[in-house]
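These are my notebook entries on packing inside one chain. I wanted to look up the aromatic pairs, the core and the helix faces, in that order.

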Amino acid sequence: MDLKWNDAEEIAIRLVETHPGIDPLTVRFTDLHRWITELPEFKDDPAKSNEKILEAIQMAWHEEYQDSKS
């Protein structure tokens, strides 16, 4: 499955798998952007992201992170 910027929940799942134990709320947007674009399934234009998109992904990742801890 190819991931695009609007696939926040799927990206969040991949980030939990790739960066286990990292609290998403401690990750800078520059690092988050890089980690997303480095995902093998990510096939969107890296320049099409913005703060709103990254924040949505970060919040989805935070939910997944919280679920993985319980």
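Entry 1, aromatic pairs. I began with Trp 5, which is buried, as is Phe 42, where buried means under 20% relative accessible area, exposed over 50%, and partly exposed in between, with a 1.4 Å probe and protein chains only. The rings of Trp 35 and Trp 61 have centres 6.1 Å apart and planes at 70°, so I noted the pair as edge-to-face. This pair links distant parts of the chain, since Trp 35 sits in helix α2 and Trp 61 in helix α3, 26 residues apart, and both Trp 35 and Trp 61 are buried. The structure holds two aromatic pairs; in the other one, the rings of Trp 5 and Phe 42 have centres 4.7 Å apart and planes at 65°, so that pair is edge-to-face too. Trp 5 lies in the segment before α1 and Phe 42 in the loop between α2 and α3, 37 residues apart. For pairing I took rings of Phe, Tyr and Trp (its six-membered ring) with centres within 6.5 Å, planes under 30 degrees apart being stacked, over 60 edge-to-face and the rest tilted.

Entry 2, provenance. The model is predicted, with local features needing pLDDT of at least 70 and side-chain atom pairs pLDDT 80 or more, whereas totals for chains, interfaces and linings use all residues. Residues are numbered from 1 along each chain as its sequence is written, and side-chain values use heavy atoms, leaving out hydrogens and water.

Entry 3, the core. I looked up which members of the largest nonpolar core, 17 residues in total, touch the most others, and found Ile 11, Leu 15, Leu 32, Ile 36, Phe 42, Ile 57 and Trp 61; such a core joins buried Ala, Val, Leu, Ile, Met, Phe, Trp, Tyr and Cys through side-chain atoms within 4.5 Å. Two or more residues each come from α1 (8-18), α2 (29-37) and α3 (51-69), and α1 gives the most, with five. Helices are DSSP runs (H or I, at least four residues), numbered from the N terminus. Leaving aside neighbours within four places in sequence, Ile 57 is in contact (heavy atoms within 4.5 Å) with Trp 5, Ala 8, Ile 11, Ala 12, Leu 15 and Ile 36.

Entry 4, α2. Its buried residues are Asp 31, Leu 32, Trp 35 and Ile 36. Seen down the axis of α2, they fall within an arc of 135°, so they line one face of the helix, the arc being that of directions from the axis to the C-beta atoms. Their cover includes α1 and α3.
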